[in-house]
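Here's a quick, friendly tour for anyone meeting this structure for the first time. Take a look at it, then read on.

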Amino acid sequence: MPEPPPTLNARTMAEEFHFGRRSALENTREALARLEALQPRLNACINIYREQALARAEQIDRQKQDGIPVGALAGVPIAIKDNICTSFGRTTCASKILADFHSGYDANVVERLREAGAIIVAKTNLDEFAMGSSTENSAFGPTRNPWDGARVAGGTSGGSAAAVAARAVPFALGSDTGGSIRLPASLCGVVGLKPSYGRVSRYGLVAHGSSLDQIGPIATTVEDAALLLSVIAGHDARDSTSMNVQVLDYLAALHKPVNGLRIGVSAEYFGEGLDADVRAAGQAAIAELEELGAKVVEIHLPHMKYGIACYYLISTAEASSNLARFDGVHYGFRAARPADITDLYSRTRGQGLGPEVKRRIMLGTFALSSGYYDAYYLKALKVRTLIKRDFEAAFQKVDLIASPVAPTTAFRIGEKSRDPLAMYLADIYTIAANLAGICAISVPCGFDSKGLPIGIQLMGPPFAEGTLLSVGHQFQLRTNHHRRVPHLAIVQ
Amino acid sequence: MPHLDEDTVRHVAHLARIAITDEEVRLYSQQLSKILDYVNQLNELDTSNVPPAEHPLAASDVFRADVVQPSWSSDVALKNAPDRHGDYFRVPKVLDQEDA
């Protein structure tokens, strides 16, 4: 019986490269081999960029040899969700409408990764245009969970989470609009962080909900998430929503003491609808944090239950506007033999967009339309204020809030895909953080009776990523959940 | 509490410029009605004195200096063009359309 692969650690890989013990080429070859071997069973990737990655690795190795400074992630392979623009290869957003789209520019996060010397090896699978909760809405097939191939990896960053969980790459980038980093991280047993809104530039992230989207790290360890965040975070003039707030030394922050921190727990989050094993693992995690010296404080978030309704009006309204650009005129798929311009738009979008995307565009269009705007979109914006205020009040009393990430562990492929609303309810714990613009992390905290991973969510006030990372890191020093390797990661 | 009837679905699909089949009209009418029923719970809340939150964080009027900066060449801008004609994207006639 072959041994499970080792848990990769980006920080260690970066050190080994720095001290000349492993080359970028060795790391890259290994990552490519594993991604290619795992692709048929997991479908984590839309494209694996073998040639480009090897060429870049050789370049980095040469630079090092020549004494030219290389960056903090030099020699470390990384995978990137395919809704983030790269100037090489394709950026498909897992959609037919962009199946052959070649971006003319790199996203800001990609520029930063390149400068840091990281090696991009693949663009990973997602729900089309980041709309979904399972990575079943991809035009290129679902991504399977490395813990059970009949189950979903979660979404929408399922490909990135699966690639990391399967130990093919030490870390990856995902994006989070309503939970799309944290949910797949939880279901795949890895760490996923949604930074505060405005912490990471959205320039080059194909927009889903412009007031909700953030790019963030997915890794096996909180330490690696901190390392990746320190590279991608920062102001970018090309994203007018990017905040000019100083970037903390996230690696140094890992060692901040947990002792004395106040952790808020709300009955609304641990109420009904939560799977028993998930509740037990969450409560055990909170007990562990108390052992570390944190103090649990009861809080109330009375508007939390309206989060899904609020989100599915705001995000769909924003999406209907953002996706209007996919019209067959400038790029992407265009329907054949259009009768006139209207026919060009309508048939291009009808044929090129998947059912969930169409559903959401229509919902958003309706919510913004004349006669319904006040009752739906404007109403949702007001409820958003109430949700924000709940968090502001809570953060007067506590430093962090702990909650489950998802009501269940990974469900079966096909189980929820026929009922859109059932799928939406998977976001129930993650969604509020996007509405409020706060930061949130999912950290592995246990397994259910079927051996499926469970995550604990920690939420913090805007720009308090340092606190999330320090608590998460110290939790990982005392627990082993993140070290377990899924059996589907084992390659002959 | 409008049920999203099939006429409304067709109207919305037209606003969104998405061609949908009759089958899709039926399916979306059903699915979207169910979702709208769910989101109607927001009406339980009195928001008469609550301002709308268009942005998660406070930031406004983020401008840059009005200075010309380098941009893309036509080749880059047109590299994915489905139908390129010189430096143009070619599309069916737009003018003389009732409702383009």
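## A small network to start with

Which residues are linked with A:Asp236 in a network of salt bridges? The other members are A:Glu111 and A:Arg238. Bear in mind as you go that this is a predicted model.

Within that network, A:Arg238 pairs with A:Asp236, and their closest N and O atoms sit 3.2 Å apart. The two partners have quite separate surroundings: A:Asp236 is buried, at 7% relative accessible area, while A:Arg238 is partly exposed, at 40%.

## Other salt bridges

Searching the whole structure turns up 25 salt bridges over all chains. One of them joins the side chains of A:Asp82 and A:Lys123, at 3.0 Å from N to O. This pair ties together distant parts of the chain, 41 residues apart: A:Asp82 lies in the loop between strand 2 (77-81) and helix 4 (108-115) of chain A, and A:Lys123 is in strand 3 (residues 119-124) of chain A. Both ends are tucked away, with A:Asp82 buried at 0% relative accessibility and A:Lys123 buried at 0% too.

Another salt bridge brings A:Glu16 and A:Arg21 together, with an N to O distance of 3.7 Å. Here A:Glu16 is partly exposed, with 25% relative accessible area, and A:Arg21 counts as exposed at 53%.

## Where the two chains meet

How much area do chain B and chain A bury between them? It comes to about 5400 Å², with 70% of it on carbon and sulfur atoms. The contact draws on 68 residues from chain A and 55 residues from chain B.

Two salt bridges cross this interface, and A:Lys358 forms one with B:Glu24, at 2.9 Å from N to O. There are also 16 residue pairs in polar contact between the chains, counting pairs with both residues at pLDDT 80 or more. On the side of chain B that touches chain A, helix 1 (6-15) and helix 2 (22-39) of chain B each give two or more residues. Helix 2 of chain B gives the most, with nine residues. Sorted by class, that side of chain B has 36 nonpolar, nine polar and 10 charged residues.

## Cysteines on their own

How many disulfides does the structure hold? Zero, over all chains. Why is A:Cys45 not bonded to A:Cys188? The sulfur of A:Cys188 is the closest cysteine sulfur to that of A:Cys45, but it is 13 Å away, so a bond is out of reach. A:Cys45 is buried, at 4% relative accessibility.

A:Cys93 is in no disulfide either, as its nearest cysteine sulfur, in A:Cys85, is 7.0 Å away. A:Cys93 is buried as well, at 0% relative accessibility.

Definitions and conventions
Residues numbered from 1 in each chain as written. Chains lettered and ligands numbered in written order. Heavy atoms only, no water. Disulfide = S-S within 2.5 Å. Buried < 20%, exposed > 50% of the residue type's maximum accessible area, 1.4 Å probe, protein only. Contact = heavy atoms within 4.5 Å. Buried area = accessible area lost by both parts, 1.4 Å probe. Salt bridge = Lys/Arg side-chain N within 4 Å of Asp/Glu carboxyl O. Polar contact = N/O pair within 3.5 Å; in protein donor to acceptor, adjacent residues only side chain to side chain. Helix = DSSP H or I, 4+ residues; strand = E, 2+ residues; numbered from the N terminus. Nonpolar A, V, L, I, M, F, W, Y, C, P; charged D, E, K, R; others polar.
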